[in-house]
Amino acid sequence: MADFPHLSRRGFLNRSAAVGGLLVVPGLLTACSKTDAGAATGAGALDKLREQGFVRVAYANEAPYGYMEGKELKGEAPTLHREIFKALGVDELKPTLSEWDGLIPGLQAGKYDVVSAGMAITPERCGNAIFSEPEFISPTALMVRKGNPKNITDLASAKEAGITVGVMSGAVVGGYAMGAGIPEGKIKTLQKPQDGADAVKGGRVDAFLLTGISLRWLAKTNPDTEVTEPFVPQIDGKAQFSPGGAVFRKGNEDLRDSFNRELKKIVSDSSRYVQLLEPYGFGKSEIPPEDLKTADLCKG
């Protein structure tokens, strides 16, 4: 999975909004307003899921957020959601693969009950669906050559050292680098994560800027590199957390609220959170702050 299929299309990497916005095709969302008769909806949605014994989840095949390995659905979101739904009395996740831009329209159409894809919580998406509280935040980090020869720890130290920083084309991290005062001539644009790792190893850039989650996953297949401790960039004095969560159909607020109660138990227990998600590159630095709320994120 060194090439990270579809990773460059993730909401908080390359959408035009600050942390991402839903790509809206005119008429697409309204065309999907009719809900499948088999969808679990309304106040009795959780009871229906318990009765049938499974919850239908959508994933976009993006490691490490939600992807199929062999016949097993893996990643941050499916692992967390499986744990939560088991606690709610629903033992099985039944997966559906979707293109990224089809996730919310498919949810609205009743093709599945939950989006399990690590989707970024943005005002645009909140207008078309309802989100859980944040499951994770996405602090930024830097991939450097093994041993970190330039001793880079964050964007301030990168600027001070005068190094060349690689960023992904269209990704918001390019704005982070410029916001930190790194000259445009010292920022090199790359097309995908593996290109960034190759540029670091080949000395074409001194560091590659991306989320710590993605870089730690990338480092597994690039042993000549290492990843700095994550940090939260600031733009105009505002922390860029890039939080993600589960997505539910409007009208399923009761199901979302039940999900949130179990989610809170996990994010409030750092050892349990890390035990569940560390295999996918998530650690204590990805646990959402207690005061980071979806309602505020939806307001923008």
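Q: In this predicted model, which residue of E14 is the bridge partner of Val114?
A: The model is predicted, not experimental in origin. Strand E5, residues 114–120, joins E14 by 4 bridges, and the two run antiparallel. Val114 belongs to that pairing, and its bridge partner in E14 is Phe248.

Q: Which residue of E14 is the bridge partner of Ile130?
A: Strand E6 covers residues 130–131. It is joined to E14 by 2 bridges in the antiparallel sense. The bridge partner of Ile130 in E14 is Phe248.

Q: Is E14 largely enclosed or open, and how many of its residues are buried?
A: Buried here means under 20% relative accessible area. E14 is largely enclosed by the rest of the structure, because the buried residues number 5 of the 5.

Q: What is the strand order of the open sheet of 5 strands?
A: Strands of a sheet pair through backbone hydrogen bonds, either parallel or antiparallel. In this open sheet the pairing is mixed. E1 and E4 run parallel, whereas E5 and E14 run antiparallel. The order is E4-E1-E5-E14-E6.

Q: Which strands stand at the edges of that sheet?
A: An edge strand here has a single partner strand, so one side is left without a neighbour in the sheet. The two strands in that position are E4 (92–97) and E6.

Q: Which residue of E4 does Phe54 stand opposite?
A: Strand E1 spans residues 54–59. It is joined to E4 by 6 bridges, and the two run parallel. Phe54 stands opposite Glu92.

Q: Which residue lies over the face of Phe54?
A: Phe54 also has a charge over its ring. The distance from the ring centre is 3.8 Å. The residue is Lys94.

Q: Why is the pair of Phe248 and Phe259 edge-to-face?
A: Phe248 lies in strand E14 (residues 244–248) and Phe259 in helix H11, 11 residues apart. Both residues are buried. Their ring centres are 5.3 Å apart, and planes over 60 degrees apart count as edge-to-face. The planes of this pair stand at 70°, so the pair is edge-to-face.

Q: How far apart along the chain are Tyr67 and Tyr280?
A: The structure holds 8 aromatic pairs. In the pair of Tyr67 and Tyr280, the ring centres are 6.3 Å apart and the planes at 80°, so the pair is edge-to-face. Tyr67 sits in strand E2 (residues 67–69), and Tyr280 in the loop between helix H12 (270–277) and helix H13 (294–299). Along the chain they are 213 residues apart.

Q: Is Tyr280 buried or exposed?
A: The cut-off for buried is under 20%. Its ring partner Tyr67 has 2% relative accessibility and counts as buried. Tyr280 has 11% relative accessibility, so Tyr280 counts as buried.

Q: Which residues do ring pairs link into a cluster?
A: Ring pairs can join several residues into one group. Here the cluster consists of Tyr65, Phe136 and Phe282.

Q: Which residue of E11 does Met143 stand opposite?
A: Met143 is in strand E7 (residues 140–145), where 5 of the 6 residues are buried. E7 pairs with strand E10 (residues 207–211) over 4 antiparallel bridges, and there the bridge partner of Met143 is Phe208. E7 also pairs with strand E11 (residues 225–227), antiparallel, over 3 bridges. In E11, Met143 stands opposite Val227.

Q: What distance separates the C-alpha atoms of Ala45 and Asp254?
A: Ala45 lies in helix H3 (residues 45–52). At 1% relative accessibility, Ala45 counts as buried. Asp254 is 209 residues apart from Ala45 along the chain, yet their C-alpha atoms are separated by 7.8 Å.

Q: Which helices each supply at least two residues of the lining of the second largest cavity?
A: The count is 2 cavities of 30 Å³ or more. The second largest has a volume of about 30 Å³. Its lining includes Glu83, Ile84, Glu262 and Lys265, and divides into 3 nonpolar, no polar and 4 charged residues. The helices are H4 (76–87) and H11 (253–267).

Q: How many charged residues are in the lining of the second largest pocket?
A: This pocket holds about 290 Å³ of space. It is lined by 13 residues, and the closest to its centre are Glu133, Lys264, Val267, Glu290 and Lys293. By class, the lining has 7 nonpolar and 2 polar residues, and the charged ones number 4.

Conventions: Residues numbered from 1 in each chain as written. Predicted model: local features only at pLDDT ≥ 70, side-chain atom pairs only at ≥ 80, totals over all residues. Heavy atoms only, no water. 1 Å grid on protein atoms, 1.4 Å probe; cavity = no way out; pocket = protein on both sides within 12 Å on 5 of 7 lines; lining within 4 Å. Points joined across faces, edges and corners; volume = space filled by probe spheres on them. Nonpolar A, V, L, I, M, F, W, Y, C, P; charged D, E, K, R; others polar. Buried < 20%, exposed > 50% of the residue type's maximum accessible area, 1.4 Å probe, protein only. Pairing = 2+ DSSP bridges. Phe/Tyr/Trp six-rings, centres within 6.5 Å; stacked < 30°, edge-to-face > 60°. Lys NZ or Arg CZ within 6 Å of the ring centre and 35° of its normal.
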